Every structure is written in C-alpha cells, then in structure tokens.
Amino acid sequence: MRKRTNYHPLVKLCIITLIFLGLPSPPSSAQEIEPVYIDSVFFEFNIMDYVNRFSPKPIEGNNGKWGYEDYDHNIVIQPRYDWAGEFSEWFAPVQIDNKFGFIDTKGQEVIALQYDQVKKFNEGLAAVSLNGKWGFIELSGDQVVPLKYDFVSNFSEGMALVDLNYKRGFIDQTGKELISLKYDGAGTFSGGFAPVAIGTKWGYINKEGQEVIPLNYDGIQSYISDEGVAIMQVGNKLGVVNKLGKEIIPAQYDYATVFADGVAVVNKGAVVNSEGNYIGGKYGLIDQNGKEITPLQYDYLDFQEGVGIAYMNGKFGLIDESGKELSGFIYDQIRAFKDERAVVQLNDKYGYIDKNGEELTPIKYDHAEDYVNRLAIVTIGGREIVGAWIGGKKGLLNHEGKEITPIKYEEITRGSEREGLFEVSLDEEQGYIDITGKEVIPPKYEGAYSFSEGLGAIKLNDKFGFIDKTGKIVIPPIYERANDYSEGLAAVKFNYKFGFIDKKGTWIIPPIYDYIVYEVNDGFRGGVIKVGLGDEEFFIDKNGRKVE
C-alpha cells in the first residue's frame with residue numbers, strides 16, 4: 001500500500017501540480033522519480049528488489065570521498081568518488097569531477113564517466129544527460145533514446161515521461177513517442193494511468209492516450225489508488241473521482257487523504273494556520289463509493305494500516321475501517337503505532353495497546369518508549385528535563401507486553417542492539433543483557449560501551465579494554481581511552497598518545513598521535529582516518545602511512 005499523502009487546496013498540496021507544471025530539471029542524479037511496478041512484472045520486481053536491497057550501500061569515507069560498504073559495514077569499494085548513488089539493477093551511478101557514469105558491484109567502471117547528469121537504471125534503461133539534453137542508455141552503455149529532451153522521468157510500466165520545449169508526452173523503451181508531446185503537465189504511469197494537464201486543468205489518460213478522467217480539475221492526486229479512485233480539486237474544495245471519470249463525491253471537503261485500505265479521511269471546516277498545520281473542522285471516514293462511514297465528528301483522525309487514532313470530546317480512542325470503536329475514548333494520548341504497538345497515556349501514566357485496542361500492559365509506567373525491533377524500554381519513577389527522561393528505574397518489555405527484565409536498571413541503551421545486546425547500568429556499574437532480557441554480562445564495570453565487530457569496550461579501574469560477547473576480557477584494560485573497532489582496528493590512547501590495535505591487542509600503528517579528528521569519524525572508513533600531530537592534521541592508512 002502506498003504511503004498516504006494529505007491534500008489541501010490553500011497550500012496546493014497536489015503533487016503533480018507542484019512538480020510538473022514548473023517543468024524543473026533535476027540538478028543532480030540523486031533526484032529521481034521512483035519506479036512503480038505492476039503485477040505483470042511482479043516476479044521481476046521481487047528479484048530486482050532483492051538484488052537492490054543487498055547490494056553495497058554508498059558511504060562517505062574519512063577522506064571526503066564516496067565508496068560502498070556491504071551489509072556488515074565492510075568497505076567493499078574504496079572511497080574515491082565525489083558522489084555515489086544507490087545500486088539499481090546491478091549498476092550504481094558515480095561522479096568524479098562533475099562527470100557521471102556507472103560501476104558494477106565489484107567497483108569496475110562499466111559505463112564511462114562522461115555524462116553531466118544521470119538517473120539510476122530502471123526497467124533496463126538509465127536516463128543520462130549531456131549538454132542539457134536527456135536520453136536513455138541500456139546496460140551495455142549503448143544509447144537507445146537520443147539525447148534530445150529537456151527532461152525525462154525514469155521508465156514506469158514500460159513508458160517514460162519526456163519534455164521538449166515545455167510540452168510533455170510519453171515514449172516507449174525504443175524511443176518511440178507513443179503519446180504525443182502536447183501536455184503542459186504530466187506525471188508518470190502507475191496502474192495503467194497517468195495524470196496530465198493542459199493549461200491548468202488536470203485529468204488522467206490511459207496507455208493508449210485516451211482521456212479516462214476529463215481534464216476538468218484544478219488539481220488531482222498523482223496516482224489512482226488501489227481502490228480505483230483519486231482525490232480531485234475544484235476551486236478550494238476536494239472531492240473524489242473514479243478511474244472511469246465518474247465523480248463519486250462532488251468537491252466539498254477542505255481536507256482529504258489518499259484512499260488506503262478502502263477508506264479516506266476527510267474534513268469540513270479545516271483551515272491551514274501560519275505554521276502549515278490544519279486546525280478546526282470535523283473529521284470522518286468515507287469509502288471509495290462516497291459513503292460516509294462515520295459522521296464528521298472527530299476533532300482529529302489519523303488512519304493508517306487498518307486502524308484510526310481519533311480524538312473526540314477531549315479523549316483519544318481507536319476505530320477500524322468500518323468506524324467501529326476498538327477502544328473506548330478514554331486516553332489522554334495515543335502515539336502513532338510502531339511495531340504494531342502504540343503508547344497510550346492516561347492520568348500521567350503510560351502503557352501499550354495493540355491494533356485491536358487491547359491493553360497489553362497496565363497503564364502504570366512513568367515513561368514509555370516506542371517499540372523498536374519488537375522490544376520497548378519502560379521507566380518507573382524519574383522526571384522529564386528538557387525533553388529527556390532522567391532518573392527512575394528501567395526495564396525491557398517483549399512484543400506481548402511482558403516484562404522480560406525486572407524494572408531495576410538506572411539505564412538501558414540500544415548501542416549494541418545490532419549485535420544482539422543492550423547496555424545496562426545497575427548501582428552505578430555497567431554490563432549487558434541480551435534481547436531475551438538475560439544478563440549475559442553482569443553489571444560490574446565502570447563503563448560498558450557499544451559492541452562493534454564482535455568486541456565491546458569496557459572501563460575498569462579507570463582504564464579501558466575490550467571484552468567479547470561472553471564477557472571474556474580479550475584485551476586487558478590498560479588504555480586511557482578506547483574507541484569502537486572499525487575495519488578491524490580500534491583507536492586507543494596510551495601514555496597520552498593515540499595509536500591503533502587489532503582485535504588481539506597488537507599495535508598495528510604505534511601510539512604517536514595527539515588526537516583523532518572525531519568530526520570526521522572515530523574509526524577507519526575506506527582504509528583511512530584523520531589524525532592530529534602537533535599543529536598538523538592529516539589522513540593515514542591502516543599501515544600508518546600518510547595519504548593525501
């Protein structure tokens with residue numbers, strides 16, 4: 001389901017009106033129109049989604065250049081580019097000296113850095129620009145659509161939006177103009193339809209170029225929703241039209257959301273204040289047939305993923321897509337759902353509910369954090385100071401709302417969660433618990449810090465060392481300071497100087513530096529790190545050699 005987008009006529013929150021009537025050319029390859037796939041290429045979509053998801057990710061190195069790291073944060077392509085984009089269909093766009101090209105996942109240059117701008121590959125083609133004109137190349141680098149357009153979108157459903165001399169139309173993957181360039185505004189195809197405008201009036205066409213929704217509207221939703229309808233605008237009011245061009249609901253609302261899960265939130269009487277927020281009016285739910293599922297009776301209503309958080313008569317409650325109350329309107333606050341759980345507040349105490357409105361915990365906590373990775377941190381006691389909760393005792397809840405640790409810790413932090421651990425503090429000593437709440441390393445250290453690359457820094461007798469996940473000390477605490485491991489090395493301070501050790505504690509770079517330049521990074525990135533010696537700051541590699 002697509003992400004919900006809100007519309008209001010006073011601020012022209014009609015995406016296509018803002019984006020396409022102005023006919024802007026994107027200033028860099030980083031600005032793209034995202035691809036949309038349909039059922040006919042669903043299998044291909046899943047394969048490419050998997051490839052793209054697990055391809056290396058761009059990362060900025062300590063030298064200010066860009067390279068790529070793998071899922072475990074290992075550098076796999078050294079930082080040497082001025083800019084690097086995400087991989088898509090096995091290739092990634094990169095830039096050196098204002099010229100763009102493409103590399104593969106091994107860092108090999110597969111398409112020369114010769115273009116002024118590029119977009120990522122999509123449906124086997126990539127948009128490229130040279131001397132202000134756009135066209136398309138295929139994976140081999142061969143040009144399949146001449147560089148003659150002022151602007152192009154990525155391909156979507158086998159068609160790309162193109163612009164020439166401020167007129168827009170659509171081409172296929174051979175460059176043939178299937179829909180003539182006659183529109184003043186247009187959006188990409190999604191679900192077989194595309195929004196278009198002549199002058200300032202908007203409607204929709206199908207892939208044959210036929211108008212399926214007449215160009216009668218002052219604004220229109222940028223895609224037809226899964227329910228087969230779109231929000232449209234006439235003057236300062238919003239209504240609903242279906243993909244056959246029939247007006248389901250005349251333009252009468254002051255606020256409306258895109259349909260999702262078969263419903264949309266609407267409001268009559270809302271206005272936008274100077275801060276851009278909607279105030280006033282009453283909210284309700286409508287279905288795709290125009291029926292008001294609920295009366296417009298709520299002072300606030302946010303509907304997402306099959307459940308609505310509503311506010312009425314000074315209290316919050318939950319409703320479903322039929323308007324049925326899932327919980328009573330009894331809460332002083334309901335936060336947005338995270339991990340299918342929401343924090344609720346009642347009489348200055350907090351707890352959790354699920355999407356059925358069932359209370360998973362007693363409403364007894366003085367502070368409750370949102371669920372992350374199916375775990376939540378709660379606090380009893382303490383107080384809020386400048387937006388932070390200070391003091392009290394903390395514990396950990398599982399996804400069912402069960403306390404899997406006693407509410408006893410002064411602090412629980414998520415710094416090592418990626419490696420399956422949480423740092424905890426008890427009686428001013430620190431240790432670690434795992435994701436089941438078990439104390440795997442009892443609190444006994446003056447400091448316990450984030451694990452990285454399998455080792456965690458600890459502080460004992462005012463000195464720093466490293467332990468493994470069993471609690472075994474693998475590097476004795478003899479250092480005045482210790483940073484996280486990065487690329488197999490950790491910066492440590494010994495006799496007031498910084499050097500670098502490996503995971504056995506062996507000096508790889510002796511302690512001769514006065515400081516590490518932390519505003520760049522506190523560890524190696526792309527095989528280099530910035531250090532300070534006397535009045536000089538410079539980069540060194542993992543052998544301690546100075547690099548430019």
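## Exercises on a predicted model

An open sheet holds 4 strands in the order β13-β14-β15-β16, paired antiparallel. This is a predicted model: local features need pLDDT of at least 70, side-chain atom pairs count only at pLDDT 80 or more, and totals for chains, interfaces and linings use all residues. Residues are numbered from 1 along each chain as its sequence is written, and side-chain values use heavy atoms, with hydrogens and water left out.

**Exercise 1. Find the edge strands of this sheet, then trace the pairing of β15 and β16.**

Step 1. Fix the terms. Strands are DSSP runs of E with at least two residues, numbered from the N terminus. Two strands pair if DSSP finds at least two bridges between them.

Step 2. Look for single partners. β13 (151–152) and β16 (177–183) each have a single partner strand, so one side of each is left without a neighbour in the sheet. These two stand at the edges.

Step 3. Trace the bridges. β15 (residues 167–171) pairs with β16 in the antiparallel sense over 3 bridges. Phenylalanine 170 has isoleucine 179 in β16 as its bridge partner.

**Exercise 2. Do the same for the open sheet β36-β37-β40.**

Step 1. This sheet has 3 strands with antiparallel pairing.

Step 2. β36 (367–368) and β40 (393–397) are the edge strands, each pairing on one side only.

Step 3. β36 pairs with β37 (residues 376–380) over 2 bridges, in the antiparallel sense. Histidine 367 has threonine 379 in β37 as its bridge partner.

**Exercise 3. Describe the hairpin of β31 and β32.**

Step 1. β31 (residues 307–312) and β32 pair antiparallel over 5 bridges. Alanine 310 is bridged to glycine 317 in β32.

Step 2. Check the turn. There are 2 residues between the strands, and asparagine 313 in the turn has a positive phi of about 55°.

Step 3. Check the burial of β32 (residues 315–319). Buried means under 20% relative accessible area, exposed over 50%, and partly exposed in between (1.4 Å probe, protein chains only). In β32, 4 of its 5 residues are buried.

**Exercise 4. Classify the ring pair of tyrosine 479 and phenylalanine 494.**

Step 1. Rings of Phe, Tyr and Trp (its six-membered ring) pair if their centres lie within 6.5 Å; planes under 30 degrees apart count as stacked, over 60 as edge-to-face and the rest as tilted. The whole structure has 20 aromatic pairs.

Step 2. Here the centres are 6.1 Å apart and the planes stand at 70°, so the pair is edge-to-face.

Step 3. Place the residues. Tyrosine 479 lies in β48 (residues 473–479) and phenylalanine 494 in β50 (residues 489–494), so the pair ties together parts that are 15 residues apart in sequence.

Step 4. Compare burial. Tyrosine 479 is buried at 3% relative accessibility. Phenylalanine 494 is partly exposed, at 27%.

**Exercise 5. Find charges over the rings of phenylalanine 337 and phenylalanine 538.**

Step 1. A charge sits over a ring if NZ of Lys or CZ of Arg is within 6 Å of the ring centre and within 35 degrees of the ring normal.

Step 2. The charged end of lysine 355 sits over phenylalanine 337, 5.9 Å from the ring centre. Lysine 546 lies over the face of phenylalanine 538, at 4.5 Å from the ring centre.
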